[in-house]
Amino acid sequence: MTLEERRDAEPDVYQPAEDSQLLAEAACERLAGSETVLEVGTGSGYVAARIADGTDARVVASDLNPHAVRQARTEGVETVRADLVSPFRDGTFDAVAFNPPYLPTDPENEWDDWMEHALSGGEDGRAVIDPFLERVGRVLAPDGVVYLLVSSLTGVDGVVEEAGDHGFSAVAVADESFPFETLTVLELLR
C-alpha cells in the first residue's frame, strides 16, 4: 500500500513519512537491543514496529488518538491510549522515542481534528515538545535515553536549551535536509 493509499484509508491517523523513517533508523542504530522502549505518539505504529523488528527491544507505544491506538494494534504494536507519558510508572523505560507534532501553526488556522493534533505544534512548534521534555525524565531508567525528532521550523537550539533546563544533554545523531526544513534526531541523556 502506498503512502497516499494509507492516508486515504485512515485519514485520522498520521501515517509514516520521512520524519518517521529518520527516527526509526536512528533509534534502531543506537539501541543495543534488549531495552524496554516507549514510543510516544505512535500514530500508525510504524516507528514502534520498526524498533521491535530491528532490535530485541520490548516496545510499548502510546497515543492520545484512539484511531491511532487501534491502527497501531492492528500492526501488532502493544499500544495504550495516553497523553504523553502520564500512565507509565517511574523509571520504566530504557529509551523513549518521540516524533512530536512540531509544525508551527497559527491558531486562526487550526481545525481541531485528529490530524491537526498529530501535526500542529502551536504557534512556536513546541506546544507538545516542551511538556514532553518536562515529563519524560520521570519514566526513564537511570541511564535512559530519549530520541526526539525536531524540525528546523521549530528551532533545534531552543529545544536543546529546553532539554537542558530539564537536566538533559543533547547530541544530534541523525539529520536529513529537505527544501523547506531540516529534520534532526536528538539523543537526550541525563
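**Reading strands, helices and rings**

Analyst: Let's start with one residue pair: Val171 sits opposite Glu187 of β7. Keep in mind that this is a predicted model.

User: Okay, so which strand is joined to β7 here, and by how many bridges?

Analyst: That's β6, residues 169-177; eight bridges link β6 with β7, and the two run antiparallel. A hairpin of four residues takes the chain from β6 to β7. On to another neighbour: β7 is also antiparallel to β5, through seven bridges. Leu148 has Leu186 in β7 as its bridge partner.

User: In what order do the strands of the sheet come?

Analyst: A general point before the case: in a regular strand, side chains alternate between the two faces of the sheet. Here seven strands make an open sheet, ordered β3-β2-β1-β4-β5-β7-β6, with mixed pairing. The edges are β3 and β6; each has a single partner strand, so one side of each has no neighbour in the sheet. On average, and ignoring direction, neighbouring strands of this sheet are turned by 20° against each other.

User: How does that order compare with the chain itself? What pattern does the chain follow along the sequence?

Analyst: Along the sequence, the pattern is α-α-β-α-β-α-β-β-α-α-β-α-β-β, with seven helices and seven strands. For contacts between residues at least 6 apart in sequence, 62% join residues at least 24 apart.

User: Which strands does helix α2 lie across?

Analyst: Helix α2 (residues 18-30) lies across β4, β5, β6 and β7, and runs at about 35° to β7. Helix α3 (residues 46-54) also packs on the sheet, where it touches β1, β2 and β4. The direction of α3 makes about 175° with that of β2.

User: Now the core. Which residues of the largest nonpolar core touch the most other members?

Analyst: This core has 25 residues, and the ones that touch the most other members are Leu23, Leu31, Val37, Ile51, Tyr147 and Val185. Two or more residues each come from α2, α3, β2, β4, β5 and β7, and α2 gives the largest share, six residues. Take Ile51 as a worked case: leaving out residues up to four places away in sequence, Ile51 touches Ala27, Cys28, Leu31, Val37, Ala57, Val59 and Ala97. There's also a second, separate core of 24 residues, with Phe88, Val96, Ile129 and Leu148 among them. For the chain as a whole, 49% of the 190 residues count as buried.

User: How many aromatic pairs are there?

Analyst: Here's the general idea: a pair of aromatic rings is described by the distance between the centres and the angle between the planes. This structure holds two such pairs. In the Phe88 and Phe93 pair, the ring centres are 5.4 Å apart and the planes are at 80°, so the pair is edge-to-face. The cut-off for that label is over 60 degrees. Phe88 counts as buried at 12% relative accessibility, and Phe93 does too, at 3%.

The other pair, Phe98 and Phe132, is tilted, with 4.6 Å from centre to centre and 50° between the planes. Phe98 belongs to strand β4 and Phe132 to helix α6, so this pair ties together parts that are 34 residues apart in sequence. Both Phe98 and Phe132 are buried.

User: What about a helix seen down its axis? Which residues of α7 are buried?

Analyst: In α7 (residues 156-165), they are Val159, Glu162 and Ala163. Looking down the axis of α7, these buried residues fall within an arc of 100°, so they line one face of the helix. They pack against α6, β5 and β7. The face turned away from that buried side has the exposed residues Asp157, Glu161 and Asp165. Just after α7 comes Gly167, with a positive phi of about 90°.

User: One last stop, a loop residue. Is Val85 buried or exposed?

Analyst: Val85 is buried, with a relative accessible area of 1%; its place is the loop between β3 and β4. Apart from its neighbours within four places in sequence, Val85 is in contact with Leu38, Val40, Arg135, Val136, Arg138 and Val139. For a distance along the fold, try Val85 and Glu39: 46 residues apart along the chain, with their C-alpha atoms separated by 9.6 Å.

How values were computed: Residues are numbered from 1 along each chain as its sequence is written. This is a predicted model: local features need pLDDT of at least 70, side-chain atom pairs count only at pLDDT 80 or more; totals for chains, interfaces and linings use all residues. Side-chain values use heavy atoms; hydrogens and water are left out. Rings of Phe, Tyr and Trp (its six-membered ring) pair if their centres lie within 6.5 Å; planes under 30 degrees apart count as stacked, over 60 as edge-to-face and the rest as tilted. Buried means under 20% relative accessible area, exposed over 50%, partly exposed in between (1.4 Å probe, protein chains only). The arc is that of the directions from the helix axis to the C-beta atoms. Contact means heavy atoms within 4.5 Å. Two strands pair if DSSP finds at least two bridges between them. Axes are lines fitted to C-alpha atoms, for helices over the stretch in contact, and angles run from 0 to 180 degrees between N-to-C directions. A nonpolar core is a set of buried Ala, Val, Leu, Ile, Met, Phe, Trp, Tyr and Cys residues joined through side-chain atoms within 4.5 Å.
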